[in-house]
Amino acid sequence: MGTIINSVWVLIAGLAFGAAAASFIILMREKRRRAAAQWSGKSNTTFVFSGNLKHTSLLDAIQFLEIGQREGVLHIYSGRRKGYLTFIKGQVVDGFYRNHIGREAIFRMLGLEEGDFHFEPKTITQPKLMTDSMMDIAFEWDARRQEGPIPDD
């Protein structure tokens, strides 16, 4: 009878040890999975980027978003006037300001000296409406500005 009781205790101890070991392994795997997700660039933080055109030029803001290869919409507010630039992988693919779209909208927004901007990160599903690089647009804007002020109609 003593050997049966000892065998039962050994069995119970073995089961308890196995359950503890299994729990430990599961916890360690979960910890590793969380650490890997954290370091893989996947996180739940939200990218916030906003500013004032008196302190940061719109061209600087655009270049910052280009370098970061951001995707979303840059909203530009100047008084009651509003415009936006759409980014896919850091490239401006669409723009709108007042009655202007594309390059002309960007030219007018680059000339704004007062106002605010705010970037809204989001997945863009629209097609690319612009293929020009921002550098080419900036050079053309500077050349046009040298000729005289770009109207803000």
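This is a short tour of a predicted model, stop by stop, with something to select at each one.

**Stop 1: the whole chain**

Start with everything in cartoon view. The protein has 4 helices and 6 strands, and from the N terminus on they come in the order α-β-α-β-β-β-β-α-β-α. Try tracing that order with your cursor. If you colour by burial, buried residues make up 28% of the 153 residues. Now think about contacts between residues with a separation of 6 or more: 62% of those contacts are between residues 24 or more positions apart. Keep that in mind for the later stops.

**Stop 2: helix 4**

Select residues 134-147. This is helix 4, with 14 residues. From its first C-alpha to its last it reaches 20 Å, close to the 20 Å expected at 1.5 Å a residue.

Which residues of helix 4 are buried? Show Met-134, Ile-137, Ala-138 and Trp-141 as sticks, and you have them. Now turn the view until you look down the axis of helix 4: the buried residues fall within an arc of 100°, so they line one face of the helix. Here is some background for that: an α-helix has 3.6 residues a turn, so residues three or four places apart point the same way.

What do the buried residues of helix 4 pack against? Add helix 2 (58-67), strand 4 (91-97) and helix 3 (102-110) to your selection, and you will see the partners. Then swing round to the other side of helix 4, where Met-135, Phe-139, Gln-146 and Glu-147 are exposed.

Before leaving, zoom in on Trp-141 and Arg-145. The charged end of Arg-145 sits over the ring of Trp-141, 4.3 Å from the ring centre. Just after helix 4 comes Gly-148, which takes a positive phi of about 155°.

**Stop 3: helix 2**

Next, go to helix 2, one of the packing partners you just selected. Its buried residues are Leu-58, Ala-61, Ile-62 and Leu-65. Look down the axis again: in helix 2 the buried residues fall within an arc of 100°, so they line one face of this helix. Following helix 2 is Gln-69, with a positive phi near 50°.

**Stop 4: Glu-71**

Move along to Glu-71, in the loop between helix 2 and strand 2 (72-78). Is Glu-71 buried, exposed or partly exposed? At 26% relative accessibility, Glu-71 counts as partly exposed.

Show what surrounds Glu-71. Leaving aside neighbours within four places in sequence, Glu-71 is in contact with residues including Phe-87, Ile-88, Lys-89, Phe-119 and Ile-124. Draw a distance from the side chain of Glu-71 to the backbone nitrogen of Ile-124, and it comes to 2.9 Å. Try Gly-90 as well: Glu-71 and Gly-90 are 19 residues apart in sequence, yet 6.2 Å apart in space, C-alpha to C-alpha.

**Stop 5: the rings**

Now select the aromatic side chains. How many aromatic pairs does a search of the whole structure find? There are 4. One of them is Tyr-84 with Phe-96, a stacked pair at 6.0 Å centre to centre with 25° between the planes. Tyr-84 lies in strand 3 (residues 81-88) and Phe-96 in strand 4, so this pair ties together parts 12 residues apart in sequence. Tyr-84 is partly exposed, with a relative accessible area of 27%, and Phe-96 is partly exposed too, at 32%.

Slide over to Phe-87 and Phe-119. Their ring centres are 6.2 Å apart and their planes are at 80°, so this pair is edge-to-face. The pair links distant parts of the chain, with Phe-87 in strand 3 and Phe-119 in strand 6 (residues 116-121), 32 residues apart. Phe-87 is buried, with a relative accessible area of 0%, and Phe-119 counts as buried at 1%.

To finish with rings, select Phe-49, Phe-64 and Phe-117, which ring pairs link into a cluster.

**Stop 6: Thr-86**

For the last stop, click on Thr-86 in strand 3. Thr-86 is buried, with a relative accessible area of 3%. Leaving aside neighbours within four places in sequence, the residues in contact with Thr-86 include Gly-72, Val-73, Val-92, Asp-94, Ile-124 and Gln-126. Ile-124 may ring a bell: Glu-71 reaches the backbone nitrogen of Ile-124 with its side chain.

Definitions and conventions. Residues numbered from 1 in each chain as written. Predicted model: local features only at pLDDT ≥ 70, side-chain atom pairs only at ≥ 80, totals over all residues. Heavy atoms only, no water. Helix = DSSP H or I, 4+ residues; strand = E, 2+ residues; numbered from the N terminus. Expected span 1.5 Å × (residues − 1). Buried < 20%, exposed > 50% of the residue type's maximum accessible area, 1.4 Å probe, protein only. Arc of directions from axis to C-beta. Contact = heavy atoms within 4.5 Å. Polar contact = N/O pair within 3.5 Å; in protein donor to acceptor, adjacent residues only side chain to side chain. Phe/Tyr/Trp six-rings, centres within 6.5 Å; stacked < 30°, edge-to-face > 60°. Lys NZ or Arg CZ within 6 Å of the ring centre and 35° of its normal.
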